Amino acid sequence: MIGSDTINSMRLHIVRIPARATHSHGIGDVSAVNSVILELTTAGGITGWGEASPWPAFSGTVEANAAALHVHLRPMLIGADPLRIEQIMARADATVVGCTEAKAALETALLDIAGKMAGLPIAELVGGRCRDTIPLSFSVANPDFEADLETVAALWADGVRLFKMKTGFADHRFDLTRLEKLRGLYGEAIDLRIDYNQGMKPYEAVRRVRDLEVFRPTFIEQPVPRADLAAMAEIARVLDTPLLADESVFNAREALIGAQMRIADLFSLKIMKSGGIRRALEVAAVARAAGIGVYGGCMFETGVAHLAGTHLMAAVPDLTLGCEFYMSTYYLQEDVLTEAFPVREGTVVVPTGPGLGGEPDPDRLGRWTVERLG
Ligand code: MG
């Protein structure tokens with residue numbers, strides 16, 4: 001019943017989980033997942049889980065997001081009705097600027113509690129699922145390309161057909177060689193995408209991305225720095241290949257500006273950029289109004305955030321390009337979830353249990369926790 005329960009405890013588990021391999025990107029390397037796992041418990045004994053997964057070079061830091069929750073948001077959360085999600089998120093926005101990853105964690109934990117109260121999965125709480133499975137994309141980002149070829153072969157055997165090559169961290173020839181190799185090995189059966197993670201200067205970008213079009217990528221993602229909207233618009237205009245904006249579009253306001261300037265044909269949705277599932281649905285709504293397609297993105301996350309992202313992507317009516325929730329299955333040395341994040345035959349299976357449909361295992365969470373707050 002509404003108003004019948006209150007949040008009475010909040011605990012943060014700061015985790016650091018090594019990856020199986022370093023992944024390189026236009027803005028830097030990543031060798032571990034650093035996240036804040038949020039545990040909210042109600043007086044009635046219901047526990048909600050969420051995750052904040054910042055990357056300092058992309059969105060923010062673990063330290064700032066942990067402090068946002070532990071110091072600045074805790075006072076307004078303790079004693080609050082967990083079903084007043086929009087009111088709580090509006091107060092969180094008024095209390096702490098930015099820290100969208102912390103807000104994603106908070107919204108996820110509140111939706112997890114609401115779902116457990118209602119006996120419904122989060123996807124149903126935010127509009128209802130439009131699909132039961134989502135094609136999974138893996139990021140080809142190991143600077144040791146021979147090792148990456150072995151990984152791609154193993155994932156291919158698992159049924160994965162979407163592969164996003166991270167480019168722009170070494171020289172241009174290295175990118176062309178790798179794309180040629182993958183297209184040559186797997187022919188038309190591989191769905192190839194390219195992501196520069198802002199790795200090029202605007203003056204060099206047009207000529208280089210034109211070189212890549214011969215490999216028929218499904219899209220080319222964020223070739224230039226996030227604030228270079230004019231360069232994004234120019235690249236989108238001259239390319240035949242669809243251009244995807246990731247770092248340039250965090251929220252609905254940036255989506256609106258991006259749509260007005262036609263900076264891209266596609267936007268990447270991420271709960272860590274927008275500050276939660278429903279804010280990401282606002283980005284999707286702006287994209288839909290502008291005739292811009294959407295893609296299921298993520299940061300460097302454990303299975304907790306992957307589950308939240310999966311509920312979002314399940315509820316987006318016009319998601320056609322799949323999702324990239326591969327970390328739990330193919331990147332982390334060990335995930336924290338009790339049951340393995342659901343990946344079958346190259347697709348993510350949308351959970352059907354109440355709330356998130358999964359939760360951390362206490363032993364696994366403890367093994368990778370480097371600091372606990374609250
Ligand atoms: Mg990206």
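Which residue takes a positive phi in the hairpin of strand 2 and strand 3? In this predicted model, the residue is Gly45, whose phi is near 90° in a hairpin that has 4 residues between the strands. The paragraphs below place that hairpin in its surroundings, beginning with the protein as a whole.

The secondary structure comprises 14 helices and 15 strands. Along its principal axes, the C-alpha trace spans about 60 × 40 × 35 Å. The radius of gyration is 20 Å, which agrees with the value near 21 Å that a compact globule of 374 residues would have. Buried residues make up 52% of the 374 residues. Among contacts with a separation of 6 or more, 74% are between residues 24 or more positions apart.

The protein is divided into two parts, domain 1 (7–119) and domain 2 (124–349). Taken over C-alpha atoms, the centres of domain 1 and domain 2 are 23 Å apart. Domain 1 contributes 35 residues to the contact, and domain 2 contributes 36 residues. On the side of domain 1 that touches domain 2, at least two residues each are supplied by strand 1 (7–25), strand 2 (28–42), strand 3 (47–52) and helix 3 (100–118). The residues of that side divide into 18 nonpolar, 12 polar and 5 charged.

Strands 1, 2 and 3, which appear in that list, are also connected to one another by pairing. Strands of a sheet pair through backbone hydrogen bonds, either parallel or antiparallel. Strand 1 and strand 2 are paired in the antiparallel sense, over 14 bridges, and a hairpin through 2 residues joins strand 1 to strand 2. One position in this pairing is His23, whose bridge partner in strand 2 is Val30. Strand 2 also pairs with strand 3 in the antiparallel sense, here over 6 bridges. Thr41 has Thr47 of strand 3 as its bridge partner, and Gly45, with its positive phi, belongs to the hairpin of these strands.

A further positive phi occurs at Cys99, with a value of about 50°, although Cys99 is not a glycine. Cys99 is placed in the loop between helix 2 (85–95) and helix 3. Is Cys99 buried or exposed? Cys99 is buried, because 27 other C-beta atoms lie within 10 Å, and the cut-off for a buried residue is 20 or more.

Attention now turns to the sheets with higher strand numbers. An open sheet of 8 strands has the order 5-6-7-8-9-10-11-12, with parallel pairing. Its edge strands are strand 5 (137–140) and strand 12 (319–323), each of which pairs on one side only. At one end of this order, strand 11 (residues 293–296) pairs with strand 12 in the parallel sense over 2 bridges. Opposite Gly296 stands Cys323, in strand 12. Helix 12 (residues 303–315) lies across strand 10 (266–269), strand 11 and strand 12. Relative to strand 12, helix 12 runs at about 165°.

Another open sheet has 3 strands in the order 4-14-13, and its pairing is antiparallel. Here the edge strands are strand 4 (133–135) and strand 13, each pairing on one side only. Strand 13 and strand 14 run antiparallel and are joined by 2 bridges. The bridge partner of Arg344 is Thr347 in strand 14.

The loop between strand 13 (343–344) and strand 14 (347–349) contains Glu345. Glu345 has a positive phi of about 50° and is not a glycine. What is the environment of Glu345, buried or exposed? Glu345 is exposed, since 11 other C-beta atoms lie within 10 Å and a residue counts as exposed at 12 or fewer. Cys99 and Glu345 thus each have a positive phi of about 50°, yet Cys99 is buried, whereas Glu345 is exposed.

A final position to locate is Glu180, in helix 6 (residues 172–186). Glu180 has 12 C-beta neighbours inside 10 Å and therefore counts as exposed. Between the C-alpha atoms of Glu180 and Gly119 the separation is 49 Å, with their positions 61 residues apart along the chain.

Note on methods
Residues numbered from 1 in each chain as written. Predicted model: local features only at pLDDT ≥ 70, side-chain atom pairs only at ≥ 80, totals over all residues. Domains from an automatic or database assignment. Contact = placed C-beta atoms within 7 Å. Nonpolar A, V, L, I, M, F, W, Y, C, P; charged D, E, K, R; others polar. Pairing = 2+ DSSP bridges. Axes fitted to C-alpha atoms, helices over the stretch in contact; angles between N-to-C directions. Rg over C-alpha atoms; globule rule 2.2 N^0.38 Å.
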